[in-house]
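Good morning, colleagues. Please take a moment to look at the sequence and the structure before I begin.

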Amino acid sequence: MGNVGVEEKILEPELSEEQKEELKSLLQSFKGKKGALIQALHAAQNFVGYLPPPVLKLVAQELDFPLSEVYGVVTFYHFFSMKPRGKHLIQVCLGTACYVRGGQEILSRLQRDLEIELGEVSKDGLYSLEVMRCAGACGLAPVVKVDNDVHKRVNPAQITDIIRSYQ
Ligand code: FES
């Protein structure tokens, strides 16, 4: 057996040896390019499904970025996730307009009906639940985004059925 590199230990058990090598060469392909860090993080998230600390460490190593900077970028942009996500991402808008027109009720119903906490994944692995500040459609509040679909003027009583149509 050859040397067991730090990155090999820290990636276990999520990735096989082959996958680790594949991810490394994928990351290398961004090295030195403009916007390399964000692009590499996107690629790593698509590859692994999310960005756990060992993957962030690997990104930092392969691209020669300080680990603190990598963490900073991942925590700043909402499209990066350090936790596994469900198959579908539900984002309930809780900006002012949506909040006063039922956003909070929508959120409570989803938490109750899907048995899911904010920031968590449902037991069946189908849904992740998050909130957003403003979806940019205040006149059509309340708004719920599911993956790339924006549902407007959502009736809280119908939200669970809407979500269940995503399987
Ligand atoms: S507050 Fe919800 S879309 Fe603006």
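I shall speak about salt bridges and then about the packing of two helices.

This is a predicted model, in which local features need pLDDT of at least 70 and side-chain atom pairs count only at pLDDT 80 or more, while totals for chains, interfaces and linings use all residues. Residues are numbered from 1 along each chain as its sequence is written, and side-chain values use heavy atoms, with hydrogens and water left out.

A search of the whole structure finds 8 salt bridges. By salt bridge I mean a side-chain nitrogen of Lys or Arg within 4 Å of a carboxyl oxygen of Asp or Glu. In general, side chains of opposite charge can pair when their charged atoms come close.

Let us begin in helix α2, residues 17-28. Here Lys24 pairs with Glu21, and their closest N and O atoms are 3.7 Å apart. The two residues are 3 apart in the helix, about one turn. Helices, I should add, are DSSP runs of H or I with at least four residues, strands are runs of E with at least two, and both are numbered from the N terminus. Lys24 is buried, at 13% relative accessible area, whereas Glu21 is partly exposed, at 41%. Buried means under 20%, exposed over 50%, and partly exposed in between, using a 1.4 Å probe and protein chains only.

Helix α6 holds another such pair, Glu105 and Arg109, 4 residues apart, about one turn of the helix. Their closest N and O atoms are 3.2 Å apart. Glu105 is partly exposed at 41%, and Arg109 is partly exposed at 24%.

Which residue forms a salt bridge with Glu120? The partner is Lys83, with the closest N and O atoms 3.5 Å apart. This pair links distant parts of the chain, 37 residues apart: Glu120 is in the loop between α6 (96-113) and β2 (127-132), and Lys83 is in the loop between α5 (67-76) and β1 (88-93).

I turn now to helix packing. Helix α3 (residues 36-48) and helix α4 (residues 53-63) pack at about 140°, their axes 11 Å apart. Therefore α3 is oblique to α4; the term covers angles that are not under 35 degrees (roughly parallel), over 145 (roughly antiparallel) or 65 to 115 (roughly perpendicular). Axes are lines fitted to C-alpha atoms, for helices over the stretch in contact, and angles run from 0 to 180 degrees between N-to-C directions.

Among the α3 residues that meet α4 are Leu37, Leu41 and Val48, and the α4 side includes Val55 and Leu63; contact means heavy atoms within 4.5 Å.
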